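Here is a short report on one protein chain. Look over the sequence and the structure first, then read on.

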Amino acid sequence: MHHSRLCAVLIDCNTPDVDQAASFWASALGRPVDTNHPATRGNYRMLATPPDEPIVEIQRVDHESRVHIDIETDDIPAEVARLEKLGATVVNRLERWVVMQAPTGQRFCVVRVQRPGWPKNANRWD
């Protein structure tokens, strides 16, 4: 048995200026950049997020700009196996997360628990 839930919406930006991209998305979404968040560093900028809402993160990338989601779980291997049974494929296994692709082509990540209040609103899988 394990749990999973939507964790984050990541806005992948192929840009040399991640701060400019974060400023645009902060204004567009009405969420200021959280400069004190520990994950706001390097290629990443976190937007202020109410505790019961998914994280919004801006990240500078080398691939084309796109949006992807993260699914957080208390058991990454079990969640990856569950999603593979649904038709998703593993694209890359990294140290702390797994990049997957849906049968319809969208990329997404399976990550460890990130948000407070776990396992509130999480699905239970047997």
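Arg66 is partly exposed, at 26% relative accessibility. Salt bridges with shared partners join Arg5, Glu72 and Arg115 into one network. Keep in mind that this is a predicted model. All the values below were computed from it.

## Overall build

The protein holds 2 helices and 8 strands. Read from the N terminus, the order of elements is β-α-β-β-β-α-β-β-β-β.

How does the radius of gyration of the protein compare with that of a compact globule? For 126 residues, a compact globule would have a value near 14 Å. The protein has 15 Å, which agrees. The C-alpha trace spans about 40 × 30 × 25 Å along its principal axes.

Of the 126 residues, 37% count as buried. The protein exposes about 7,400 Å². Carbon and sulfur atoms supply 52% of that area.

Contacts tell us about the fold too. Take the contacts with a separation of 6 or more: residues 24 or more positions apart account for 61% of them.

## Charges and salt bridges

The protein has 15 positive and 17 negative side chains. The centres of the two sets lie 2 Å apart. Side chains of opposite charge can pair when their charged atoms come close. How many salt bridges does a search of the whole structure find? The search finds 9. The table lists three of them.

| Positive residue | Negative residue | Closest N to O distance |
|---|---|---|
| Arg5 | Glu72 | 2.5 Å |
| Lys120 | Asp52 | 3.2 Å |
| Arg66 | Glu64 | 2.9 Å |

Start with Arg5 and Glu72, which form a salt bridge. This pair links distant parts of the chain, 67 residues apart. Arg5 belongs to strand E1 (residues 2-13), and Glu72 to strand E4 (residues 66-73). Are these two residues buried or exposed? Arg5 is buried, at 6% relative accessibility. Glu72 is buried as well, with a relative accessible area of 0%. The cut-off explains both labels: buried means under 20% relative accessible area.

Lys120 and Asp52 form another salt bridge. Their pair also links distant parts of the chain, with the two positions 68 residues apart. Both residues sit in loops. Lys120 is in the loop between strand E7 (107-112) and strand E8 (123-125). Asp52 is in the loop between strand E2 (44-46) and strand E3 (55-60). Lys120 is partly exposed, with a relative accessible area of 44%. Asp52 is exposed, at 51%.

The last pair in the table is Arg66 with Glu64, a salt bridge with its closest N and O atoms 2.9 Å apart.

## Around Thr89 and Pro103

Next, two residues and their surroundings. Thr89 is in strand E5 (residues 89-93). Its relative accessible area is 42%, so Thr89 is partly exposed. Which residues does Thr89 contact, leaving aside neighbours within four places in sequence? They are Val99, Met100 and Gln101. Thr89 and Ala102 are 13 residues apart in sequence, and their C-alpha atoms are 6.7 Å apart in space.

Pro103 is found in the loop between strand E6 (97-101) and E7. Pro103 is exposed, at 62% relative accessibility. Not counting residues up to four places away in sequence, Pro103 touches Leu86, Gly87 and Ala88. Pro103 and Thr89 are 14 residues apart in sequence and 7.6 Å apart in space, C-alpha to C-alpha.

## The loop between E7 and E8

Now for backbone geometry. Most residues other than glycine have a negative phi, and most peptide bonds are trans. The loop between E7 and E8 offers an exception of each kind.

Where is Pro119 placed? Pro119 is in the loop between E7 and E8. The peptide bond from Trp118 to Pro119 is cis, with omega near 5°.

Asn121 lies in the loop between E7 and E8. Phi of Asn121 is near 65°, a positive value in a residue other than glycine. Asn121 is exposed, at 58% relative accessibility. The cut-off for that label is over 50%. Lys120, in the loop between strand E7 and strand E8, takes part in the salt bridge with Asp52.

How values were computed. Residues are numbered from 1 along each chain as its sequence is written. This is a predicted model: local features need pLDDT of at least 70, side-chain atom pairs count only at pLDDT 80 or more; totals for chains, interfaces and linings use all residues. Side-chain values use heavy atoms; hydrogens and water are left out. A salt bridge is a side-chain nitrogen of Lys or Arg within 4 Å of a carboxyl oxygen of Asp or Glu. Helices (H or I, at least four residues) and strands (E, at least two) are DSSP runs, numbered from the N terminus. Buried means under 20% relative accessible area, exposed over 50%, partly exposed in between (1.4 Å probe, protein chains only). The radius of gyration is taken over C-alpha atoms; the globule rule is 2.2 Å times the number of residues to the power 0.38. Contact means heavy atoms within 4.5 Å. Accessible areas come from the Shrake-Rupley method with a 1.4 Å probe; for residues, only the protein chains shown count as cover. Lys and Arg count as positive and Asp and Glu as negative; His and the chain ends are not counted. The place of a charge is taken as NZ of Lys, CZ of Arg, CG of Asp or CD of Glu.
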